[in-house]
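Open the model in a viewer and keep a selection panel at hand. The stops below go from strand to strand, then to the helices, and end at a single residue.

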Amino acid sequence: MRIPLSVLDLAPIARGETVSSSIAASVALARSAEEHGYRRVWYAEHHNMPTIASSATSVLISHVGAQTSTIRLGSGGVMLPNHSPLTIAEQFGTLEAMYPGRIDLGLGRAPGSDQNTMYALRRDPGSAENFPQDVLELQAYLAGQTRVPGVDAIPGKGSRVPLFVLGSSLFGAHLAAALGLPYAFASHFAPQALEAAVATYRAEFKPSAQLEEPHVIAGVNVVAADTEGAAKESLQAVRRNLAIGLFGRGRSFTDAEADLLLEQGAGHHVHSMLTHTAVGTPPQVAEFLERFRAQADADELIVAHQSPTTEGRLRSVALTAEAMESVSV
């Protein structure tokens with residue numbers, strides 16, 4: 001592809017589906033992405049969310065790795081405040097030993113959960129404040145240059161799994177620039193600070209052993225289908241699911257009830273989250289993504305294929321790849 005594309009897979013559990021079927025869908029999605037030339041597939045750590053099956057991120061990566069051959073796999077991201085740096089170094093060092101040259105480690109600062117879930121994870125609510133120091137400690141384990149005397153990550157020591165800083169604010173931009181790491185912006189659901197964060201990162205970037213020049217990955221939603229009508233229908237189903245997940249308080253909703261929820265205020269929030277969403281046929285998607293890449297000043301786009309069914313996501317993966325073959329850099 002002329003514009004490098006990757007996939008962000010939230011391993012969604014659709015209505016009527018199971019965790020097992022969701023994981024099988026993630027395998028199918030990664031295989032399709034590999035077949036169609038995508039660069040990487042990332043999985044996001046979320047907890048206590050009934051519609052997402054990617055909480056045990058490293059386990060899911062391992063499973064998908066065994067059923068793919070070449071595509072890079074990683075976290076988008078591991079929420080480092082939920083873990084010790086040593087544990088993550090060991091997990092991703094193990095993955096790198098199993099799938100050499102194919103593993104990425106994207107790191108987020110948010111806990112990815114609410115206060116009760118943080119308690120269940122046995123995490124200190126203030127642990128996010130140590131994020132920069134924890135990133136450095138993790139990086140040192142992976143480089144074989146431990147910052148904790150007498151403690152090495154085994155597996156992990158010397159594996160140099162590449163790190164990526166994820167963010168949706170200027171904090172991550174400053175940190176990624178200072179450490180000379182790639183920066184991935186979560187514009188697929190938090191678009192507000194995109195341009196400012198990328199500009200800050202590029203202006204402040206300092207080369208490192210991992211990266212000589214800045215590298216920006218921008219998140220974008222895509223609903224590609226064979227007809228514009230089918231794409232818009234899928235988008236409406238996605239909007240309903242988001243409204244139910246965010247404001248449904250655990251209740252079951254019919255489509256009509258979900259539409260009412262959107263009309264009563266959830267719609268504004270959902271619309272804001274989906275600001276950067278390409279919807280339509282391949283030419284329409286290609287036009288949107290080319291324009292978005294320029295707006296985001298991105299070196300790579302990571303796509304969340306948002307169709308509500310596995311079949312729809314697989315079709316979106318294929319159509320988007322075909323559309324982007326003809327797009328110039």
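Start by selecting G74 and D104: D104, in strand β4, is the bridge partner of G74. The model is a predicted one, in which local features need pLDDT of at least 70 and side-chain atom pairs count only at pLDDT 80 or more, while totals for chains, interfaces and linings use all residues. Residues are numbered from 1 along each chain as its sequence is written, and side-chain values use heavy atoms, with hydrogens and water left out. Helices (H or I, at least four residues) and strands (E, at least two) are DSSP runs, numbered from the N terminus.

**Strands β3 and β4**

Select residues 72-79 for β3; 5 bridges join this strand to β4, and the two run parallel. Two strands are taken as paired if DSSP finds at least two bridges between them. To get from β3 to β4, follow the chain through helix α3 (residues 85-98); this β-α-β crossover is right-handed. Right-handed here means that, with the strands pointing away from the viewer, the path from the first strand over the helix to the second runs clockwise.

Now show the side chains of β4. 6 of the 6 residues of β4 are buried, so the strand is largely enclosed by the rest of the structure. Buried means under 20% relative accessible area and exposed over 50%, with partly exposed in between (1.4 Å probe, protein chains only). I103, L105 and L107 point one way, whereas D104, G106 and G108 point the other way.

**Strand β5 and on to β6**

Next, select residues 163-167, which make up β5. Strands β4 (residues 103-108) and β5 run parallel and are joined by 3 bridges. Two pairs to label are G106 opposite F164 and L107 opposite V165. Which residues of β5 lie on each of its faces? L163, V165 and G167 are on one side and F164 and L166 on the other, and all are buried.

Add residues 183-185, strand β6, which runs parallel to β5 and is joined to it by 3 bridges. Here G167 has F185 as its bridge partner. Between β5 and β6 the chain passes through helix α6 (residues 170-179), in another β-α-β crossover that is right-handed.

**The nonpolar cores**

A nonpolar core is a set of buried Ala, Val, Leu, Ile, Met, Phe, Trp, Tyr and Cys residues joined through side-chain atoms within 4.5 Å. The largest one has 71 residues, and those with the most contacts inside it are L105, L107, L138, Y201, L289 and L301. Helix α10 (residues 282-296) gives the most to this core, with 6 residues. Another core, of 13 residues, lies apart from it and includes A225, A243, I244 and L261.

**Helix α10**

Colour α10 by burial. P282, V285, A286, F288, L289, F292, R293 and A296 are buried. Seen down the helix axis, the buried residues fall within an arc of 165°, so they line one face of α10; the arc is that of the directions from the helix axis to the C-beta atoms. On the other side, P283, E287 and A294 are exposed.

The cover over the buried residues of α10 includes α7 (194-204), β7 (216-224), β8 (277-280), β9 (300-305) and α11 (310-324). Pick L289: leaving aside its neighbours within four places in sequence, L289 is in contact (heavy atoms within 4.5 Å) with V220, V222, A278, L301, T320 and M324. D297, which follows α10, has a positive phi, near 50°.

**Helix α8**

Move to residues 228-247. At 1.5 Å a residue, the 20 residues of α8 should span 28 Å, and its end C-alpha atoms are 28 Å apart, which agrees; the expected span is 1.5 Å times one less than the number of residues. Its buried residues are A231, S234, L235, A237, V238, R239, R240, A243 and I244. They pack against β7, α9 (255-273) and β8. Just after α8, R249 takes a positive phi of about 55°.

**Last stop: N221**

Select N221, in strand β7. Why does N221 count as buried? Its relative accessibility is 0%. Not counting residues up to four places away in sequence, N221 touches H188, M273, L274, H276, T277, A278, A304 and Q306. To finish, draw a C-alpha to C-alpha distance from N221 to T275: the two are 54 residues apart in sequence and 8.7 Å apart in space.
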